[in-house]
Amino acid sequence: MAPNPPSAPILFDRALLRARQARAAKQGAATFLLDRVAEEMDERLHAVLRSFTAAADIATPGNGLRAAIAARVGMLAHVAVPDHERDGLGLAPESLDLVVSALALHFVNDLPGVMAQIRRALRPDGLLLAAMLGGDTLTELRQSFAAAEAEREAGISPRVAPFADLRDIGALLQRAGFALPVTDVDRVVVRYDNAFALMQDLRKMGASNILVERRRTPSRRATLLRMAEIYAERFADPDGRIRATFEVVWLSGWAPHESQQKPLKPGSAKASLADAVRGLTK
């Protein structure tokens, strides 16, 4: 009997994520980044010369994305990622021709498992198009907190989620069995009066610290003040306003289909690279 596959590490408290997103929506969510992604996703879908009759949105907060792409799809179902991800997404095999997700997949504990489920749910030649936060997101805040805690508390606690980088995500698409995988990055720099204004926006996004290993006691006032000082010293523009980086990683892939382009077999080229180079040097 085969051994049970290892479980994905539990990094995120997804019940806390839902609670904080609900609180943000109730109090007035900050949606500027999600709005930007929704508009870009609509443009990218318009570049695909085909129609989508059955689609699913995986865990995108709010209704902005569904409103933005409504004209491009027939049926669009919203699918939540369960708190216990082993319960699965509940997607029927080969039931969808489009899966989208905006600023949600970076808070998934078992991203390889979710990608595999999406791949199985797509019909042949079905499309996955998603945007998630990448590795350089909030790098300034991460560095400032680490420096302040090292100074004031002689130790560093997890503050900002570990986001995947571009190469990891590209490899993940291939591992899940997607054809023609593509990844690219949109770096968004937002300016704030100070670090506390940034942290307030993160709360309004429902995106404050949800790490399972997060610190459970309130941060010391002295540490927070020092963090804001370090942030201003290292990451401020000449006018005194600070910069905050959001790295949006776009990923797309297709369920394999015989009509798709395929790479040439090794040795099938009709001309060698060496001959081409010699021709250029003549």
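Which residue in β6 does D186 stand opposite? The legends below, for a predicted model, begin with the whole chain and take up that residue pair with the sheet edge.

**Figure 1. Overview of the protein, with its nine helices and six strands.** The model is predicted. Of the 282 residues in the protein, 43% are buried. Contacts between residues at least 6 apart in sequence are mostly long-range: 81% of them join residues at least 24 apart.

**Figure 2. The open sheet of six strands.** Across the sheet, the strands follow the order β2-β1-β3-β4-β6-β5, and their pairing is mixed. The edges are formed by β2 (73-79) and β5 (179-192), each of which pairs on one side only. From one strand to the next, the twist averages 15°.

**Figure 3. Close-up of the pairing between β5 and β6.** Strand β6 spans residues 242-254 and runs antiparallel to β5, with twelve bridges between the two. β5 is an edge strand of the sheet, and in the strand order β6 lies between β4 and β5. The residue opposite D186 is V248 in β6.

**Figure 4. Close-up of the packing between helices α4 and α6.** Helix α4 covers residues 111-121 and helix α6 covers residues 166-175. Their axes are 9 Å apart and meet at an angle of about 45°. An angle of this size is neither under 35 degrees nor in the range 65 to 115, and the two helices are therefore oblique to each other. The crossing of α4 past α6 is right-handed. On the α4 side the contact is made by L111, P112 and M115, and on the α6 side by L172, L173 and R175.

**Figure 5. Close-up of the surroundings of R226 in helix α8.** Helix α8 comprises residues 221-235. R226 has a relative accessible area of 15%; buried means under 20%, so R226 counts as buried. Leaving aside residues up to four places away in sequence, R226 touches A148, E151, R152 and E233. With one of these residues, E233, the side chain of R226 also forms a polar contact of 3.4 Å.

Definitions and conventions: Residues numbered from 1 in each chain as written. Predicted model: local features only at pLDDT ≥ 70, side-chain atom pairs only at ≥ 80, totals over all residues. Heavy atoms only, no water. Pairing = 2+ DSSP bridges. Helix = DSSP H or I, 4+ residues; strand = E, 2+ residues; numbered from the N terminus. Axes fitted to C-alpha atoms, helices over the stretch in contact; angles between N-to-C directions. Buried < 20%, exposed > 50% of the residue type's maximum accessible area, 1.4 Å probe, protein only. Polar contact = N/O pair within 3.5 Å; in protein donor to acceptor, adjacent residues only side chain to side chain. Contact = heavy atoms within 4.5 Å. Parallel < 35°, antiparallel > 145°, perpendicular 65-115°, else oblique. Left-handed = near helix turned anticlockwise from the far one by under 90°.
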